[in-house]
Amino acid sequence: MNAHQFIDAGVKYTPHYFQVPLNYADSSQGTIEVFARELSLVADGESTKPWLVYFQGGPGFPSPRQNGHNGWVKRALQEYRVLLLDQRGTGNSSVITHQTLAPLSAEQQAEYLSHFRADNIVRDAEFIRQQFGVNQWAILGQSFGGFCSLTYLSLFPESLSRSFITGGVPSIHRHPDEVYQATFKRTLQKNQAFFKQFPQAQQLCKKIADHLIENEEFLPNGQRFTVEQFQQIGINFGMSDTFLPTYYALENALIEVNGKPQLRYEFLNSMLMEQGFQTNPIYAILHESIYCQGFASDWSAHRVRQDQDAFNYDSTKPFLFTGEMVFPWMFDQYHCLKPLKQAAELLASKQDWQPLYDAEVLASNKVPVSCAVYADDMFVEMDISRETLAQIPNSQAWITNEYEHNGLRADGEKILDTLIAMGHQTAATIN
């Protein structure tokens with residue numbers, strides 16, 4: 001037994017480490033480490049089941065740390081060995097944080113970070129496939145992981161037996177401006193639904209926002225808390241069962257101390273815990289580049305927001321939350337992003353991003369592609385997903401309003417079971 005292998009709830013967990021090129025086009029730039037964790041049923045012994053590789057959402061988040069024999073993993077292990085890939089820069093792979101980037105100049109940071117997009121994540125997976133001596137394997141991509149899946153289908157389709165995608169079918173050619181125009185509209189709809197269910201929440205939000213405009217409040221890390229940061233907790237509205245917890249947080253946000261209003265420490269601490277950009281800076285600094293192919297993002301969400309004035313709060317307007325968007329002010333306000341401000345500016349203006357998708361290859365696709373497309377998805381627009389799938393033969397969409405963007409986490413066993421059945425059906429028509 002591998003010294004670092006362990007068993008839990010009838011599942012065997014085996015760690016794997018790989019040294020991969022930082023830049024596959026130039027080996028002289030050295031290597032980074034990529035980590036992946038293999039899961040298999042103990043009862044399978046030395047398993048000969050085919051592989052399923054999981055691509056996590058983000059960008060910039062590690063693969064899930066599975067706890068128990070449950071969820072989509074439970075369904076997957078019936079037919080597959082599962083490989084949970086910590087995408088380069090995340091988890092136990094050569095991790096990117098403000099700490100690890102600190103020794104580099106802004107130019108070096110930007111150059112280094114430019115190698116951490118979907119194309120190289122996929123090349124890492126392909127490197128591992130070859131190391132394992134596997135002819136073909138299946139892939140499951142959630143959210144940004146679905147973007148990676150289409151990149152895989154573009155670059156190495158012959159390596160794939162199946163592709164399963166949940167909440168993550170991107171446009172293969174649209175500019176991010178079009179993406180954010182759609183997602184701002186969805187975010188407005190989520191706001192309307194929240195404030196309709198909790199009409200009193202509008203007054204609570206305005207009270208908090210106006211307090212932040214008029215007073216200095218600081219998060220536990222010493223960072224000044226602002227209206228813009230408060231608005232960003234609206235990202236949760238893209239997930240299921242988040243309206244009520246958000247309301248509970250709002251109604252207990254303010255207290256009086258010596259006759260003056262003040263934000264409670266519990267509220268401020270919970271607001272800090274919402275800021276995943278602090279611990280996972282790739283999520284901020286490379287967020288818009290996931291759409292870029294031969295053009296610069298030029299702070300797309302920020303520019304689109306200027307035409308969405310309702311989201312730019314002042315005390316004369318109703319309060320609105322924002323969604324999954326990245327703005328340049330974050331690199332002035334967020335404690336752990338401040339050291340990356342210059343690199344972020346360089347990457348936002350970078351125009352020579354390589355293609356992520358090959359429309360010609362996708363147009364001749366022979367890999368069964370099964371997708372859960374969420375009708376009310378706040379992060380990945382259904383109409384754009386349908387537009388893309390119409391260009392990919394042997395792809396099927398299960399369009400449902402039963403789930404939000406986090407469907408795979410909320411009801412993964414059912415969702416993956418449905419997608420596997422769809423894949424079998426498509427394969428039968430190909431053969």
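A disulfide is a pair of cysteine sulfur atoms within 2.5 Å. By that criterion, this predicted model contains zero disulfides. The tour below begins with the cysteines and then turns to the salt bridges.

**First stop: the cysteines**

Select C371 and display its side chain. The closest cysteine sulfur to that of C371 belongs to C148, and the two sulfurs lie 14 Å apart, which is too far for a bond. The residue C371 is buried, its relative accessible area being 0%. Next, select C336. This cysteine has 12% relative accessibility and therefore counts as buried, since that value is under 20%.

**Second stop: D86 and R65**

The structure holds 20 salt bridges. To view one of them, select D86 together with R65; the closest N and O atoms of this salt bridge are 2.8 Å apart. The pair connects distant parts of the chain, with the two positions 21 residues apart in numbering. D86 is found in strand β5, which covers residues 81-86, whereas R65 sits in the loop between β4 (51-55) and α1 (71-79). A surface display allows the two partners to be examined in turn. How is D86 classified, buried or exposed? With a relative accessibility of 0%, D86 counts as buried. Its partner R65, at 41% relative accessibility, counts as partly exposed.

**Third stop: R88 and D124**

Now select R88 and D124. These residues form a salt bridge in which the closest N and O atoms are 2.7 Å apart. Here too, distant parts of the chain are linked, the two residues being 36 residues apart. R88 belongs to the loop between β5 and α2 (98-101), while D124 lies in helix α4, residues 118-132. Both R88 and D124 are buried.

**Fourth stop: R174 and E178**

Proceed to R174 and E178, which also form a salt bridge. What separates the closest N and O atoms of R174 and E178? The distance between them is 2.5 Å. Show the surface once more: R174 has a relative accessible area of 22% and is partly exposed. E178 is likewise partly exposed, with a relative accessible area of 34%.

**Final stop: a network**

To conclude, select R75, E79 and D417 together. Which arrangement links R75, E79 and D417? These residues are joined in a network of salt bridges. Displaying the three side chains at once brings the members of this network, R75, E79 and D417, into a single view.

Conventions:
Residues numbered from 1 in each chain as written. Predicted model: local features only at pLDDT ≥ 70, side-chain atom pairs only at ≥ 80, totals over all residues. Heavy atoms only, no water. Salt bridge = Lys/Arg side-chain N within 4 Å of Asp/Glu carboxyl O. Helix = DSSP H or I, 4+ residues; strand = E, 2+ residues; numbered from the N terminus. Buried < 20%, exposed > 50% of the residue type's maximum accessible area, 1.4 Å probe, protein only.
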